[in-house]
Amino acid sequence: MEAELPVEPQSLKKLSFKSLKRALDLFSPLHGHFPPLDPESKKIRMSHKLNTEYRGVKDTATSNAKAAAQSKAHQASAASNALALPGPENSTDPQKGVSNKDIVVGPTIQPSGSADNGFPGRNTVVPARGSSERNFSTSAIMERIPSKWPRPVWHAPWKNYRVISGHLGWVRSVAVDPSNTWFCTGSADRTIKIWDLASGRLKLTLTGHIEQIRGLAVSSKHTYMFSAGDDKQVKCWDLEQNKVIRSYHGHLSGVYCLAVHPTIDILLTGGRDSVCRVWDIRSKMQIHALSGHDNTVCSVFTRPTDPQVITGSHDTTIKFWDLRYGKTMATLTHHKKSVRAMALHPKEDCFASASAENIKKFSLPRGEFMHNMLSQQKTIINAMAVNEEGVLATGGDNGSMWFWDWRSGHNFQQDQTLVQPGSLDSEAGIYAMTYDLTGSRLITCEADKTIKMWKEDETATPETHPVHFKPPKDMRRF
């Protein structure tokens with residue numbers, strides 16, 4: 001008879017084996033019964049990862065497969081699955097105090113074999129007699145789906161072709177005439193200037209506000225231009241007489257954004273009093289005060305069909321409004337920071353919104369989230385505009401101009417505006433931008449008191465400026 005081995009205190013390794021054994025007892029398909037054996041598991045037993053101390057006894061482990069067959073009756077009487085460990089039959093680890101006498105040892109599986117059988121890699125600990133169905137790794141058997149993300153359309157890069165000086169303060173707002181012959185800009189110097197779109201020459205300067213002008217809009221149905229500023233005033237200018245004919249009183253603080261409804265004679269303004277106000281253009285009466293935001297309303301746009309009014313606010317939310325009842329239809333809470341700019345696509349029923357963390361696309365009329373743009377500009381985005389060809393332009397506080405492909409969200413160009421001589425480098429911020437009616441010219445208003453005009457580079461080709469596009473790895477799109 002063999003001498004009795006000294007009994008040593010239970011080690012952490014042995015306790016972990018007991019814990020695993022207890023877990024298998026609890027979660028086995030039939031309590032107290034073995035799971036059905038797989039045909040492959042009769043030939044091959046999964047083994048524990050080969051540790052460095054067991055590499056020298058690899059051949060010994062193969063010989064123990066015969067001992068495993070002889071102890072089949074002993075296995076059947078076991079209460080639960082045993083863990084497969086390579087090692088000599090009667091060996092005892094002097095450091096761990098674990099006797100391997102009663103442990104079933106199977107032949108080790110090479111890495112190549114594990115891939116063929118669909119089992120996980122060598123790092124996985126699995127029961128020796130467990131069902132192979134429980135041992136599958138999800139990542140190993142999951143079908144690799146090719147990316148369905150749309151490839152971006154090639155767009156020519158944009159370049160700055162004109163710099164217009166004339167304002168004496170930050171240029172804060174811009175609007176283009178519906179006839180596409182002139183555009184107007186509002187500035188912190190309290191003036192509105194009208195410029196010729198083709199030549200960039202100054203045509204007219206209008207004075208009347210006593211603070212900086214943050215919002216401008218030109219009516220397509222009347223010869224009216226509307227302006228709003230930090231002086232709480234909203235003014236209607238008759239462009240035939242070049243003077244103010246109406247003022248809309250009601251805002252309690254500065255007015256930050258302004259929009260004209262495309263089909264109805266109403267005007268929408270939003271400001272620091274957290275309210276978007278709806279005005280009747282002719283009667284100067286306030287129709288609605290769309291209240292519900294918790295902070296400054298800094299962006300608004302309108303459309304002829306529901307939802308007709310959409311506002312973005314410093315409280316990080318976007319609200320859809322029912323214009324008939326003056327009530328909120330929906331609130332989008334996807335952004336984490338202030339929504340300072342929004343852009344409605346001229347053809348598709350969707351819009352984009354920008355905040356400091358990213359740019360998101362939403363569908364209309366329900367406001368379903370579509371996807372994020374694939375890059376982060378990592379600055380406060382004050383202005384954005386999109387044309388019919390699907391070129392989205394965004395301008396940041398640090399003077400960065402990024403151009404995006406609308407459909408795929410791919411950023412195909414990054415540019416940096418240059419401040420005019422005599423200005424500080426910190427005055428490179430972009431505060432407003434818009435395309436002309438053709439979508440071929442982009443106008444930006446900047447903190448260095450200039451207006452810059454951009455157009456596509458006509459000499460560029462897909463060969464000189466290829467698209468460097470990598471589809472996102474995950475398909476979640478958010």
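## Exercises on a predicted model

The model is predicted. Tyr248 counts as buried, at 1% relative accessibility.

**Exercise 1.** Classify the ring pair formed by Tyr248 and Trp279, and state where its members lie in the chain.

*Solution.*
- Step 1: A pair of aromatic rings is described by the distance of the centres and the angle of the planes.
- Step 2: For Tyr248 and Trp279, the ring centres are 5.8 Å apart and the planes stand at 50 degrees.
- Step 3: Planes under 30 degrees apart count as stacked and those over 60 as edge-to-face; the angle of 50 degrees is therefore that of a tilted pair.
- Step 4: Tyr248 belongs to strand 9 (residues 243–248) and Trp279 to strand 12 (residues 275–280), so that the pair links distant parts of the chain, 31 residues apart.
- Step 5: Trp279 has 0% relative accessibility; the limit for buried is under 20%, and Trp279 counts as buried.

**Exercise 2.** Place other aromatic rings of the model in their surroundings.

*Solution.*
- Step 1: The structure holds 12 aromatic pairs.
- Step 2: Trp158, Phe403, Phe412, Tyr435 and Trp454 are joined into a cluster by ring pairs.
- Step 3: Two rings have a charged side chain over them: Arg172 lies over the face of Tyr431, at 4.1 Å from the ring centre, and the charged end of Lys455 sits over the ring of Tyr161, 4.9 Å from its centre.

**Exercise 3.** Describe the open sheet that contains strand 14.

*Solution.*
- Step 1: The sheet has 4 strands in the order 14-15-16-17, with antiparallel pairing.
- Step 2: Strand 14 (297–302) and strand 17 (327–332) are the edge strands, each pairing on one side only.
- Step 3: Direction ignored, neighbouring strands of this sheet are turned by 25 degrees against each other on average.
- Step 4: Strand 14 pairs with strand 15 (residues 309–313) over 5 bridges. Thr302 has Val309 in strand 15 as its bridge partner.

**Exercise 4.** Which residues have the most contacts inside the largest nonpolar core, and which elements give two or more residues to this core?

*Solution.*
- Step 1: The largest nonpolar core has 14 residues, and those with the most contacts inside it are Ala352, Ile359, Met384, Leu392, Trp404 and Trp406.
- Step 2: Two or more residues each come from strand 18 (341–344), strand 19 (350–354), strand 22 (381–386) and strand 24 (400–405).
- Step 3: Leaving aside neighbours within four places in sequence, the contacts of Trp406 include Ala343, Ala352, Met373, Val386 and Leu392, and also Glu348 and Lys361.
- Step 4: Another core, of 13 residues, lies apart from the largest one; among its residues are Tyr224, Ala228, Val255 and Val260.

Methods
Residues numbered from 1 in each chain as written. Predicted model: local features only at pLDDT ≥ 70, side-chain atom pairs only at ≥ 80, totals over all residues. Heavy atoms only, no water. Phe/Tyr/Trp six-rings, centres within 6.5 Å; stacked < 30°, edge-to-face > 60°. Buried < 20%, exposed > 50% of the residue type's maximum accessible area, 1.4 Å probe, protein only. Lys NZ or Arg CZ within 6 Å of the ring centre and 35° of its normal. Pairing = 2+ DSSP bridges. Axes fitted to C-alpha atoms, helices over the stretch in contact; angles between N-to-C directions. Core = buried A, V, L, I, M, F, W, Y, C linked by side-chain atoms within 4.5 Å. Contact = heavy atoms within 4.5 Å.
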